[in-house]
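This report is an introduction for a reader who is meeting the structure for the first time. Please keep the sequence and the model in view while reading.

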2 protein chains.
Amino acid sequence: MMRVQLTLDKLLERAVDLFPERELVTKLPDGSVHRYTYADAYGRICQLAHALDGLELEAGARVGVVATNHYRHFELYFGPACSGRSIHMCNMRLPDHHFVHTIEDADDEVLFVDPWLLEKVEANADDLESVEQFVVLGEEVPETDLEPVVAYEDLLEGHPTEYEWPDVDETAEYGMCHTSGTTGLPKGVPYTHRAMYLHSIMCGHTDANGIGESDVVLPVVPMFHANGWGLPYAATFVGAKQVFPSVHTDPEAIATLIDEEEVTFSAAVPTIWLEMAEFLDENPDVDISNIERLTVGGSAPPESLIRKYDEEYDAPIIQGWGMTETSPLGTLSTLRKEVAELPAEERDEYRAMAGFPVPGMQVRIVDDDGDEVPRDGETMGELQVRSPWVTDRYHDRPDETEASVTEDGYLKTGDVAVRNELGYVDVVDRDTDMIKSGGEWISSVQLENELMAHEDVAEASVVAVDHERWQERPLAVVVPTDGASPTADDLEDHLAETFPSWWLPDAYEVIEEIPKTSTGKFDKKRLRDRFDVVLEAESDAEAPPEAEPSSHDDADAPEL
Amino acid sequence: MMRVQLTLDKLLERAVDLFPERELVTKLPDGSVHRYTYADAYGRICQLAHALDGLELEAGARVGVVATNHYRHFELYFGPACSGRSIHMCNMRLPDHHFVHTIEDADDEVLFVDPWLLEKVEANADDLESVEQFVVLGEEVPETDLEPVVAYEDLLEGHPTEYEWPDVDETAEYGMCHTSGTTGLPKGVPYTHRAMYLHSIMCGHTDANGIGESDVVLPVVPMFHANGWGLPYAATFVGAKQVFPSVHTDPEAIATLIDEEEVTFSAAVPTIWLEMAEFLDENPDVDISNIERLTVGGSAPPESLIRKYDEEYDAPIIQGWGMTETSPLGTLSTLRKEVAELPAEERDEYRAMAGFPVPGMQVRIVDDDGDEVPRDGETMGELQVRSPWVTDRYHDRPDETEASVTEDGYLKTGDVAVRNELGYVDVVDRDTDMIKSGGEWISSVQLENELMAHEDVAEASVVAVDHERWQERPLAVVVPTDGASPTADDLEDHLAETFPSWWLPDAYEVIEEIPKTSTGKFDKKRLRDRFDVVLEAESDAEAPPEAEPSSHDDADAPEL
């Protein structure tokens, strides 16, 4: 059979060959809308490739991109990759020293920066030693002390709109993201053409996201975060219309874009859909009925949110699990036949899980000895995965690599999970966020979901705090819904309906907003730092006498 | 990224890991039904692999299979491949000397034979020099002079039901089919693991066949013909229930299987669905309403058949184009958004086309100079394709290989096709079946489709016969519907409504049945042989004076 390399130029060439007139739409920061076609984009991607030649970037060289989601960022998804270089997608929400580390770690030679993100780069410019050229993603260069600097449009200007793509081996790197992780400096994950080609065809699989040519795809998830969950590549492969929000990721802007551009598929962290539901409640004239499915990831969506989108917008929310290390798609809470036929309530439990392994993803959950745990939906273990689109190494981090990949070639995800007999995975928690109380695990995610099901609670986060006797105990932090003021007793009574007494948090803190990480997840590290002291003083006194973890049996364990 | 080999054991392991209880159903020759699960099949496939070890078959060795579609054939789709050997799927409908050639060409060391196909093998046993072991696919060996011979069940008996699959490189051969072609000896096409892995994930793509876990897949197309169109592999990858008809491929048996096993997806040549429609007309109690889509290939289905299945059974017929050389799927007449939105009549024209390139398939139509022809739906050229699942060679046929693959790596299919501006391909004819009259092409396929749209015509085939003046002229062979007796004038009047006068056949022959090739296509070679003389005598006298091919202009050319 033909040794056709599985490279990203194939995706782009297919879109231009078969869907040259399909649109790529960007809502620009000034509120205006930029539209052009795959044919237009192709010409500019070729110009970009010539411009990189002009900058004398060698094969394999990396360019950094500090940008929101828009058409120029889309061009950068292909120009460096197809011409044999690599795009380093920079997370500008990282703390300065981490941000600088990622760029130096990737050895970015050119840095492409949005005009509205210049400040972050300027503040760290002196430390960006690898960068030899700054490019501002716009028509012109605003006042800046970056140098040398050129406007993106000037860089492209005058170059031919055709390019002879070089023969790139499919195992070559096309891009890199850094995973922020929970400890230490961010680690780089080098992505290969082969991995993203396979990830893209998988995203169109009917048992995965099923992204097809008739979809209109709106990636709310940042394109610097795990390849924008692979959506710009998957959508290009099928020639789907794409919609980019640039800076407009507030619920009103997203809902309006969905309405105006007839978006059928979108993806974001649950918070976005939570906030959009609130916006839609107040703005019933905004119509999101074209939406066929919404993918969420990063944290588990509450079942109440899933039900609301079903009932009010006929827009199923499908949870996904993945990591920067997995390109990212690993599992999706699609409903296999046996589950789809269940009564609605049982069925929806599956929809709140991390989900079912997508085709091409091997999944196992193992105990400390490396043996698979029973598929009973209860026994916890570490989630390990293997796939052509899962990384086998961290860039220039041999120690981290060795610690993360098993001898038989599985990635140790660090997530604690259970699996049921139908093959569904539920991520109970990150290793680092798990609460281990008296030798037994308590799932903060399950407590959070149940708290968020309470009518007075908008958001909830449960963190571990130190405890003299039980080592760790849970503390709940909640944000009330408008006008509500839930009491600790209310919340404890609510949780007690579902969980054993020793799971119940030792304290409840009501705050206005839960701090988020750069990728929109609840920032548990900051929460722990903030509330650690409070609970230390109280917890000894409040630890319920019946909180005897060693005495609990299987009958007490919650159903997952 | 992990260098996970794209090998067929991944498909099988996924089915057993996630869908161990899903069923594989076979309707046995005696009419009884055999049922077992992927878990059962897996155990037996492991036993088969051990048995092949016992026969001392080395890595890369080929085993031939002469069998209809059933569960043992399914086991042979995986056992040899996953253990590092190769399955050679033998076409027992070939003439004896071709049949023998394929087995000797593949150097099959073991030959697995259905009890009901023994005669074909026995008749040629003396010439099968490579074969060292015959295996009869059953419980016991019937009376036979084959030797040495063993029953399949005895071969498996006692072996362990687990097997440690070897590390097979994804570029290794897992199987071989021979393409019967139109001239000369059949040519072997060696398939690689990588090709079929990619073909399988593509078959699940929402813009291709969209085969998913909830499907129930019935391959009517023989499993010796181009991997059964890849269906047993694609269905295993997603863990779908599979239904095998063995010898029962008559319309009644197929319709009944669809009804009883709740089949959602099936594939066959158009004749099968044509005959099934006739059966269903007479047996309205048989219910095929579970069918969600039917794929056809081999020859174009008449629009009237497509409409009948739409209207009466709500079962869309999707045409596909492919070859033994292309694994086989190349294009599918799925409806891209712009087409789906057309009025029904215009839309259905697309559904009768070969279709749209599936993701991963590069397609071009070129003139004699190798330049792409205009995408106007009219200009004919040779269809050329490129994909990881398209062959780059014929087994041990360097001359044929060189003649079939272009310098830039496309397969020359020998099919004459047109393409329209939306990217749809319509195969006008095989090179060898095209009618070239006075230097201009006449499409026998289009004439056939229009003839079959006539109420008195059940089947029609149009072939080229020699002509002194015009080099070639069309001759039509028709099978009337029950009780009808169409005249040449009726048919000519009917065709004249659509085609220019010089396209109209010079003669019409009414026969009882059109001879078919071993793969169920109209056998035009035999038709030509049979009617050549007849027309030679008549054609000079009947050639219409207005048949002046050189004078026709674009306005006369039919819309495709």
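## How the two copies are related

In this predicted model, chain A is superposed on chain B by a rotation of 180° with 0.0 Å of shift along the axis, and the RMSD of that superposition is 0.1 Å. This is the relation of a two-fold axis. Within chain A, the residue whose C-alpha is nearest the axis is His205(A), at 2.0 Å from it.

Through which surface do the copies meet? Of the interface residues of chain A, 100% are also interface residues in chain B, so the copies meet through the same surface.

## The overall form of chain A

Chain A contains 17 helices and 25 strands, and its C-alpha atoms fill a box of roughly 75 × 55 × 50 Å when this is taken along the principal axes. A compact globule with 560 residues would have a radius of gyration near 24 Å, and the value for chain A, 24 Å, agrees with this. Of the 560 residues of chain A, 64% count as buried. Among contacts between residues at least 6 apart in sequence, 68% join residues that are at least 24 apart.

The surface that chain A exposes comes to about 20,900 Å², of which carbon and sulfur atoms supply 43%. As for charge, chain A carries 40 positive and 119 negative side chains, and the centres of these two sets lie 5 Å apart.

## Helix H9 and what covers it

Helix H9 of chain A spans residues 251-261, and its buried residues are Pro251(A), Ala253(A), Ile254(A), Ala255(A), Leu257(A), Ile258(A) and Glu261(A). Which elements cover these buried residues of H9(A)? The cover includes four strands of chain A, namely E1 (23-27), E2 (33-37), E10 (216-219) and E11 (241-244), together with helix H10 (270-282) of that chain.

The backbone just after H9(A) also deserves a look, for Glu262(A) takes a positive phi of about 55° there. On the other side of the helix, the loop between E11 and H9 of chain A holds Ser246(A), which has a positive phi of about 40° although it is not a glycine. Ser246(A) has a relative accessible area of 3%, and is therefore buried, the cut-off being under 20%.

## Further backbone features in loops

Ala226(A), in the loop between E10 and helix H8 (231-238) of chain A, has a positive phi of about 50° although it, too, is not a glycine. With a relative accessibility of 3%, Ala226(A) counts as buried.

A cis peptide bond joins Ser327(A) and Pro328(A), with an omega of about 15°, and Pro328(A) has its place in the loop between strand E14 (317-322) and strand E15 (329-332) of chain A. In chain B, the peptide bond from Ser327(B) to Pro328(B) is cis as well, with omega near 15°, and Pro328(B) is found in the loop between strand E14 (317-322) and strand E15 (329-332) of that chain.

## Three residues of chain B in their surroundings

Val390(B) lies in the loop between strand E18 (381-386) and helix H14 (398-404) of chain B, where it counts as buried at 0% relative accessibility. Which residues does Val390(B) touch, not counting those up to four places away in sequence? From chain A there are Met1(A) and Met2(A), and from chain B there are Glu325(B), Thr326(B), Met361(B), Val385(B) and Leu411(B). Although Val390(B) and Ala195(B) are 195 residues apart in sequence, their C-alpha atoms are 7.7 Å apart in space.

Asp429(B) belongs to strand E20 of chain B, which covers residues 425-430. Is Asp429(B) buried or exposed? With a relative accessible area of 3%, Asp429(B) is buried. The C-alpha atoms of Asp429(B) and Ala417(B), which are twelve residues apart along the chain, are separated by 6.9 Å.

Glu312(B), found in helix H11 (residues 303-313) of chain B, is partly exposed, with a relative accessible area of 46%. Its C-alpha atom is separated by 9.3 Å from that of Ala277(B), and the two residues are 35 residues apart along the chain.

Technical notes. Residues are numbered from 1 along each chain as its sequence is written. Chains are lettered from A and ligands numbered from 1 in the order in which they are written. This is a predicted model: local features need pLDDT of at least 70, side-chain atom pairs count only at pLDDT 80 or more; totals for chains, interfaces and linings use all residues. Side-chain values use heavy atoms; hydrogens and water are left out. Helices (H or I, at least four residues) and strands (E, at least two) are DSSP runs, numbered from the N terminus. The radius of gyration is taken over C-alpha atoms; the globule rule is 2.2 Å times the number of residues to the power 0.38. Buried means under 20% relative accessible area, exposed over 50%, partly exposed in between (1.4 Å probe, protein chains only). Contact means heavy atoms within 4.5 Å. Accessible areas come from the Shrake-Rupley method with a 1.4 Å probe; for residues, only the protein chains shown count as cover. Lys and Arg count as positive and Asp and Glu as negative; His and the chain ends are not counted. The place of a charge is taken as NZ of Lys, CZ of Arg, CG of Asp or CD of Glu. Copies are superposed by least squares on the C-alpha atoms of residues with pLDDT of at least 70 in both.
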